[in-house]
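Here are a few exercises to work through with the model open beside you. Try each task before reading its solution.

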Amino acid sequence: QQKTDRLAEVELRLKDCLAEKAQEEERLSRRLRDSHETIASLRAQSPPIKYVIRTVEVESSKTKQALSESQARNQHLQEQVAMQRQVLKEMEQQLQSSHQLTAQLRAQIAMYESELERAHGQMLEEMQSLEEDKNRAIEEAFARAQVEMKAVHENLAGVRTNLLTLQPALRTLTSDYNGLKRQVRGFPLLLQEALKSVKAEIGQAIEEVNSNNQELLRKYRRELQLRKKCHNELVRLKGNIRVIARVRPVTKEDGEGPDATNAVTFDADDDSIIHLLHKGKPVSFELDKVFSPRASQQDVFQEVQALITSCIDGFNVCIFAYGQTGAGKTYTMEGTPENPGINQRALQLLFSEVQEKASDWEYTITVSAAEIYNEVLRDLLGQEPQEKLEIRLCPDGSGQLYVPGLTEFQVQSVDDINKVFEFGHTNRTTEFTNLNEHSSRSHALLIVTVRGVDCSTGLRTTGKLNLVDLAGSERVGKSGAEGSRLREAQHINKSLSALGDVIAALRSRQGHVPFRNSKLTYLLQDSLSGDSKTLMVVQVSPVEKNTSETLYSLKFAERVRSVELGPGSRRAELGSWSSQEHLEWEPACQTPQPSARAHSAPGSGTTSRPGSIRRKLQPLA
Ligand code: ADP
Ligand code: MG
């Protein structure tokens, strides 16, 4: 292609050169012709001049003048001729150079032509080689195609033979398929039969398991009842109402001097005996157990543990801390953050017990906190701690009591309890400026309800644990009290006496139990009656100046203590809880006599003392 292009270019240039040359030739020949013409005309002019010269010789001076003129003219013409000759010469030279140029151009043209020819030859050569290449490629492709074709043919032959061998396999497959089809048609019938027999077998197995289960369930229930009975028996043997005493250590607050000397001693061989030196006279009491100042919170808790777990089995339990202010009631019930008391330990125990039984039982534990002050019940966990709460009979006719509006918190961990306690405490602190004084004059109740469902039987149980930090039991002299303090004292006296009366009536299995004589006993009615269990922790101070109150507390303790008496002697043996009694032995600390306290159990006399069977030493009252 390149060569062809170059050839065309050269041809074009050649054509241009040729045209140029022709033009030049024409121009030169024209000029040559012009020059020839000029020469001819100049030759034709010469004869007249010769004539003039001849006539000049003949004619006169006038003619001479004319001659000279003519000579001058001749001269001029000669000059002109010389000039023309010059021009001619130049022109000839030009012509010659033009001839040379022409020759040159011709040579160039010849050169171009030869080049053109060579390019053409080259092109032809290349074309030929290309043609050869093409032919060779076609041949190769053809050979390859032939080889491939041959391979395809061979493959085809293989496939054909394969097809021939597959045909019999297909035939056996078809027959197999037909056989299977026949079997499938018969399958539902077969399946039905198999199902029927399996169903019958399963039914039988289920029946067997069922009857086994029934048997196990019966046994389980029997065991449960037996356990409950054993527990009841155990508690009965220990007494449904148990009384223990705890003596707090002598503290710095007790001061120094004779007033602060220790007046309480213990029996080294019998941990149910306590000796008190009152006004120089020794008095001894026997209770279910006596804890010396050395006893730890854990030791005390160990003693009440069984009661608390019975709550999980659906029993109602009451634990009271009784005693004069400063004797350690709050320490025993609440304790300190480092050394918590019964309240927190009880809940902790409940949590762990419930956890242990989690595979068979589902439990929820809720807590409420309330206080009774001046015979008014208040919710310590409510948003309105000021609000007075009422105790109502359940409308369902079960005879159960309930307190509408009393807040219940569900608790699952020690953290939850701490939060609840803190909340109750804050409520109390914000309500009363002198909390210590107030708490010594009110009863604080922590009510823990444990509700359980037996996963296998659906059996439901509800047990209530009432933990009560009672108001201070100290008696206020008539002279020292007036106004609100007197009213407080009357209320406290009334409710503590009512508690004693109720316990006495329960113990003697009297028909009438005076629950309604105080808010406290009315509220705890469910948890005090029936097969409920009660523990009274009587707190005493060991120091000399408190011996009067200590004596009073221990007397109270001995009375509420559960002593199994013979049915005939029971009534006669029981004392009453009328306040006349303490007036008898402690006339100095006479309590004002509220009208409600006049109530006493029928048939009870003020003369005989309770618990005389187990008492080893008679108190010197
Ligand atoms: P109460 O609640 O009966 O008025 P507290 O529980 O407040 O009495 O106890 C009065 C003081 O005696 C508190 O400072 C308490 O920490 C302390 N206390 C009571 N019992 C014990 C004890 N067993 N061990 C050590 N300190 C005690
Ligand atoms: Mg207290």
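**Exercise 1. Polar contacts of the ligand**

Which polar backbone atom lies 2.7 Å from an oxygen atom of ligand 1, that of which glycine? Then look for further contacts of this kind in the predicted model.

*Solution.*
Step 1. Start with the glycine: a polar backbone atom of Gly 326 is 2.7 Å from an oxygen atom of ligand 1.
Step 2. Move along to Thr 330, where an N or O atom of the side chain is 2.6 Å from an oxygen atom of the ligand.
Step 3. Finish with Tyr 331, which offers a backbone N or O atom at 2.7 Å from a ligand oxygen.
Step 4. Now consider burial: ligand 1 on its own has 560 Å² of accessible area, and the protein covers 70% of this.

**Exercise 2. The shell around the ligand**

Describe the residues around ligand 1 by position, by class and by secondary structure.

*Solution.*
Step 1. List the residues by position: the shell includes Arg 246, Arg 248 and Pro 249, and it also takes in the run Gln 324, Thr 325, Gly 326, Ala 327, Gly 328, Lys 329, Thr 330 and Tyr 331.
Step 2. Sort them by class, which gives three nonpolar, five polar and three charged residues.
Step 3. Ask which element contributes the largest share: helix H4 (residues 329-333) does, with three residues.

**Exercise 3. Reading a sheet**

Work out the strand order, the pairing and the connections of the sheet that contains E3.

*Solution.*
Step 1. Recall that strands of a sheet pair through backbone hydrogen bonds, either parallel or antiparallel.
Step 2. Here the sheet is open, with three strands in the order E2-E3-E4 and antiparallel pairing.
Step 3. Strand E2 (264-266) and strand E4 (281-286) are the edges, each pairing on one side only. From one strand to the next, the twist averages 25°.
Step 4. Take the E2 pairing: three bridges join E2 to strand E3 (residues 273-278), and Thr 265 stands opposite His 275 in E3. These two strands form a hairpin with six residues between them.
Step 5. Take the E4 pairing: six bridges join E3 to E4, with Leu 276 partnered by Val 283 in E4. This hairpin has two residues between its strands, and Lys 279 in the turn has a positive phi of about 50°.

**Exercise 4. An annotated region**

How much of residues 195-226 is helix, and how far apart are the end C-alpha atoms?

*Solution.*
Step 1. Begin with the record: an unreviewed UniProt entry places a "coiled-coil region" at residues 74-140 and 195-226.
Step 2. Turn to the model: residues 195-226 are 100% helix and 0% strand.
Step 3. Read off the span: the end C-alpha atoms of this stretch are 45 Å apart.

Note on methods
Residues numbered from 1 in each chain as written. Chains lettered and ligands numbered in written order. Predicted model: local features only at pLDDT ≥ 70, side-chain atom pairs only at ≥ 80, totals over all residues. Heavy atoms only, no water. UniProt positions renumbered as here; feature names shortened; annotations may be inferred. Helix = DSSP H or I, 4+ residues; strand = E, 2+ residues; numbered from the N terminus. Near = heavy atom within 4 Å. Polar contact = N/O pair within 3.5 Å; in protein donor to acceptor, adjacent residues only side chain to side chain. Areas by Shrake-Rupley, 256 points an atom, 1.4 Å probe, with all protein chains shown as cover. Nonpolar A, V, L, I, M, F, W, Y, C, P; charged D, E, K, R; others polar. Pairing = 2+ DSSP bridges. Axes fitted to C-alpha atoms, helices over the stretch in contact; angles between N-to-C directions.
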